[in-house]
Amino acid sequence: MNNAETYMRRALELARLAASQDEVPIGAVVVDPESGEVVAESHNMSEHGGEATAHAEMLAMQQACLKLGQKRLWNMDLYVTLEPCTMCAAAISFMRIGRVFFGATDEKGGAIVSGVRFYEQPTCHHRPEVISGICAEECGKVLKDFFMKKRKM
């Protein structure tokens, strides 16, 4: 198992934790690529966290900034189980994340390789390297299983 898969598997654990709390199962991990240290991690908390912007990526990046005492995450890596939405893609750019690794693509709400393709827009000032498809099948299955269960309720 390579490092990318290891960190994505941690994000998957967080996604499963989110599902157990009746949150959309998305997990995110911020990693310092030089040391390999997990700086911060989170899962979605939009349903029970008090506000709609409590996406896994946003929360993990906010925690990383607080932990490191800085307003940007220069060259950090972000692992997330689902392709980030437009809001999260913009925040990733503003935070100056170096690389984004994501699992499943999101044809409906994604904004990196789907939808608006935020990093390809001329108004985007910082374009992180994007690596997609890490544990994609498993990441997608966690989401599909969650929503299938919701529909049966």
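Let's start with the aromatic rings: this predicted model contains four aromatic pairs. Phe118 and Tyr119 make one of them, and because their ring planes stand at 80° with the centres 5.8 Å apart, the pair is edge-to-face. Both Phe118 and Tyr119 are buried. Phe146 and Phe147 also sit edge-to-face, since their planes meet at 80° and their ring centres are 5.1 Å apart. Here the two partners see solvent differently: Phe146 is buried at 10% relative accessibility, while Phe147 is partly exposed at 32%. Elsewhere, Tyr7, Tyr79 and Phe101 are joined by ring pairs into a cluster.

Two of these aromatic residues lead us straight into the interior. In soluble globular proteins, nonpolar side chains tend to be buried together. The largest nonpolar core of this model holds 48 residues, and Tyr79 and Tyr119 are among those with the most contacts inside it, along with Met8, Val30, Met61, Leu73 and Ile97. Which elements give two or more residues to this core? They are the helices α1 (3-20), α2, α3 and α4 (136-152) and the strands β1, β2, β3 and β4. Helix α1 supplies the largest share, with seven residues. To see how one of the core residues is surrounded, have a look at Ile97: leaving aside residues up to four places away in sequence, Ile97 touches Met61, Leu73, Asn75, Met76, Leu78, Ile92, His126 and Pro128.

Met61 brings us to helix α2, where Met61 is one of the buried residues. The helix covers residues 56-68, and its 13 residues reach 18 Å from first to last C-alpha, close to the 18 Å expected at 1.5 Å a residue. Besides Met61, its buried residues are Ala56, Glu57, Met58, Leu59, Ala60, Ala64 and Cys65. What do these buried residues pack against? Their partners are β1 (27-31), β2 (38-43), β3 (77-82) and α3 (86-95). Just after the helix comes Gly69, with a positive phi of about 65°.

That backbone angle invites a look at other positive values. Most residues other than glycine have a negative phi, and most peptide bonds are trans. Asp22 is not a glycine, yet its phi is positive, at about 60°. Cys135 also has a positive phi without being a glycine, with a value near 55°. Cys135 belongs to the loop between β5 and α4, and its 16% relative accessibility counts as buried. Asp22, by contrast, is partly exposed at 33%.

Asp22 has a charged partner as well, which takes us to the salt bridges, of which the whole structure has ten. Side chains of opposite charge can pair when their charged atoms come close. Asp22 bridges to Lys150, with 2.6 Å between the closest N and O atoms. Because Asp22 lies in the loop between α1 and β1 and Lys150 in helix α4, this pair ties together parts that are 128 residues apart in sequence. Lys150 is partly exposed, at 34%. Within helix α1, Glu5 and Arg9 form a salt bridge at 3.3 Å, N to O. These two are four residues apart, so about one helical turn separates them. Glu5 and Arg9 also take part in a network with Arg16 and Glu138, built from salt bridges that share partners. Another bridge joins Glu120 and Arg117 at 3.8 Å, N to O; Glu120 is exposed at 54%, whereas Arg117 is partly exposed at 38%.

Asp106 makes a good counterpoint. Where does Asp106 sit in the fold? Its place is in the loop between β4 (99-104) and β5 (129-132). Asp106 is buried but has no salt bridge, and Lys108, the nearest side chain of opposite charge, is 7.7 Å away. A salt bridge requires the nitrogen and the carboxyl oxygen to be within 4 Å. Leaving out residues up to four places away in sequence, Asp106 touches Leu82, Glu83 and Ser114. Ser114 lies in the loop between β4 and β5 too, and is buried with a relative accessible area of 9%. With the same sequence neighbours left out, Ser114 touches Glu83, Thr105, Asp106 and Glu107.

Definitions and conventions
Residues numbered from 1 in each chain as written. Predicted model: local features only at pLDDT ≥ 70, side-chain atom pairs only at ≥ 80, totals over all residues. Heavy atoms only, no water. Buried < 20%, exposed > 50% of the residue type's maximum accessible area, 1.4 Å probe, protein only. Lys, Arg positive; Asp, Glu negative; His and termini not counted. Contact = heavy atoms within 4.5 Å. Expected span 1.5 Å × (residues − 1). Phe/Tyr/Trp six-rings, centres within 6.5 Å; stacked < 30°, edge-to-face > 60°. Core = buried A, V, L, I, M, F, W, Y, C linked by side-chain atoms within 4.5 Å.
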